Amino acid sequence: MQKVNASLPLMEHFYTLQGEGRYTGHASYFLRLGGCDVGCVWCDVKESWDASKHPLVQIESMVKFVIDNNAPIAVITGGEPLMHNLDELTLTLKKNGIRTHIETSGAHPLSGDWDWICLSPKKFKAPLPEVIQKANELKVVIFNKTDFEWAEKFAAAVSPACMLYLQPEWSKSGEINPLIIAYIKKNPQWILSLQTHKFLDIP
Ligand code: SF4
């Protein structure tokens, strides 16, 4: 069992609008934790991988960032945030009336008390069944056309209430978007997720 942390490695934090998935457009405070051992080749936050490169910040201070901005939602992202025990962080956020959302590859055991779990599985390290079953949102990044079959494997394993999103990998979107659009028209249980923050040029 992971030890409960009083502080966590924080790579960056900022108040913005959620750009992807079910909560697109919702004001959200992002806390990006350092540390990831998943190793996606197309990762756009490789600086997050080494947790020791990021300062340890007290959980109380992190929650204060969110409170001071009156943000209704805290999004805990990474890196792979589940490399850390998130019980204390989510408890403190919830005590202050803040919704707790996580973005995870699901590759590490679930900790924390979550209002919304976005599972974005990665081929480089498989998600654990306990995270797959608790996901509220499955967001599969499509990098090439074989990824649709891979996405269906997870769609079959999540709970019936879990929302299903397909999102083009940003650098391949020119060639992948038409395939995703055609796929969703044939398989309307899926919804398109775009990285709207990148179009808006906001964090
Ligand atoms: S899980 Fe996320 S942070 Fe980790 S390598 Fe993959 S894309 Fe990067």
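**Close-ups of a predicted model**

**View 1. Helix H1 meets helix H2.** In this predicted model, the axes of H1 (residues 59–68) and H2 (residues 87–95) come within 10 Å and cross at roughly 40°. That angle makes H1 oblique to H2, and the crossing of H1 past H2 is right-handed. On the H1 side, look for Ile59, Glu60, Met62, Val63 and Val66; H2 brings Glu88, Leu89, Thr92 and Leu93 to the contact. Sort the residues of this contact by class and you get six nonpolar, one polar and two charged.

**View 2. The open sheet, strand by strand.** Nine strands line up here as S3-S1-S2-S4-S5-S6-S7-S8-S9, with mixed pairing. Strands S3 (56–58) and S9 (190–192) sit at the edges with a single partner strand each, so one side of each has no neighbour in the sheet. Going from one strand to the next, the twist averages 30°.

**View 3. Parallel pairing from S4 through to S7.** Start with S4 (residues 73–77), which runs parallel to S5 and is joined to S5 by four bridges. Here Ile76 faces Ile102 of S5. Now move on to the pair made by S5 (residues 99–104) and S6 (residues 116–119): this one is parallel too, again over four bridges. Ile102 turns up once more, this time opposite Ile117 in S6. Last comes S7 (residues 137–142), parallel to S6 and held to S6 by two bridges. For a landmark at this step, find Cys118, which stands opposite Glu137 in S7.

**View 4. Two helices that pack on the sheet.** H1 is back, now seen with the strands: H1 lies across S1 (7–17), S2 (27–33), S3 and S4. Relative to S3, H1 runs at about 70°. Helix H5 (residues 173–186) also packs on the sheet, where H5 touches S7, S8 (163–168) and S9. The direction of H5 makes about 150° with that of S8.

**View 5. Around the ligand.** Which residues surround the ligand? Reading along the chain, the shell starts with Cys36, Val38, Gly39, Cys40, Cys43, Val45 and Ser48. Gly78, Gly79 and Glu80 come next, and Ser105 and Lys122 complete the set. How many residues of each class does that shell hold? The split is five nonpolar, five polar and two charged.

Notes
Residues numbered from 1 in each chain as written. Predicted model: local features only at pLDDT ≥ 70, side-chain atom pairs only at ≥ 80, totals over all residues. Pairing = 2+ DSSP bridges. Near = placed C-beta within 6 Å. Nonpolar A, V, L, I, M, F, W, Y, C, P; charged D, E, K, R; others polar. Axes fitted to C-alpha atoms, helices over the stretch in contact; angles between N-to-C directions. Parallel < 35°, antiparallel > 145°, perpendicular 65-115°, else oblique. Left-handed = near helix turned anticlockwise from the far one by under 90°. Contact = placed C-beta atoms within 7 Å.
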